[in-house]
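Let's walk through this structure together, starting with a pair of helices and moving on to charged side chains. Please keep the view open as you read.

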Amino acid sequence: MQLPNDILKSPQAAQLLKNKDQVMKMMNSPDARKLMELLQQNGGAGLQGAADAALKGDPSKLMGMVQQLMHSPEGAKTVEKLNRDMMK
């Protein structure tokens, strides 16, 4: 599974961002925590810089880290589950 570079601009992402409670619930989910753990293991110190850049409007580094993570079975499974949960 490959995430599109403009995923944060998708209608689904826009809808999700309108619902703060749903975003907070998703961010605090076990799958989101697992994803962060996997990103920290694979990205190390670069994760904070990628997250900061994403918050400033440039998600490319963070998306690259997620795509790299998706080459592992555990990473792909976690991202896929988060994606399904987000589309509900």
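**Salt bridges and a helix pair**

Before we begin, please keep in mind that this is a predicted model.

Let's look at helix H4 (residues 46-55) and helix H5 (residues 60-69). Two packed helices are described by the angle between their axes and the distance between the axes. Here the axes of H4 and H5 come within 7 Å and cross at roughly 130 degrees. Angles over 145 degrees would count as roughly antiparallel and those from 65 to 115 as roughly perpendicular; H4 and H5 are therefore oblique to each other.

Which residues make the contact between H4 and H5? On the H4 side they are Gly46, Leu47, Ala50 and Ala54, and these meet Lys61, Leu62 and Met65 of H5. By character, the residues of this contact divide into five nonpolar, one polar and one charged.

Now let's turn to the charged side chains. Side chains of opposite charge can pair when their charged atoms come close. The structure holds four salt bridges, and a good place to start is Lys34 in helix H3 (residues 30-43). The side chain of Lys34 meets that of Glu37 in a salt bridge, with 3.5 Å from N to O. Glu37 and Lys34 are three residues apart in H3, so about one helical turn separates them.

Lys34 also forms a salt bridge with Glu74, and here the closest N and O atoms are 2.7 Å apart. Because Lys34 lies in helix H3 and Glu74 in helix H6 (residues 73-87), this pair ties together parts that are 40 residues apart in sequence. Lys34, Glu37 and Glu74 are thus linked in a network of salt bridges.

Are the members of this network buried or exposed? Lys34 is partly exposed, with a relative accessible area of 25%. Glu37 is partly exposed at 37%, and Glu74 is partly exposed at 40%.

Let's stay with helix H6 for one more pair. Glu80 forms a salt bridge with Arg84, and the closest N and O atoms are 3.5 Å apart. Both residues lie in H6, four residues apart, which is about one turn of the helix. As for their surroundings, Glu80 is partly exposed, with a relative accessible area of 38%, and Arg84 counts as partly exposed at 46% relative accessibility.

Technical notes: Residues numbered from 1 in each chain as written. Predicted model: local features only at pLDDT ≥ 70, side-chain atom pairs only at ≥ 80, totals over all residues. Heavy atoms only, no water. Axes fitted to C-alpha atoms, helices over the stretch in contact; angles between N-to-C directions. Helix = DSSP H or I, 4+ residues; strand = E, 2+ residues; numbered from the N terminus. Parallel < 35°, antiparallel > 145°, perpendicular 65-115°, else oblique. Contact = heavy atoms within 4.5 Å. Nonpolar A, V, L, I, M, F, W, Y, C, P; charged D, E, K, R; others polar. Buried < 20%, exposed > 50% of the residue type's maximum accessible area, 1.4 Å probe, protein only.
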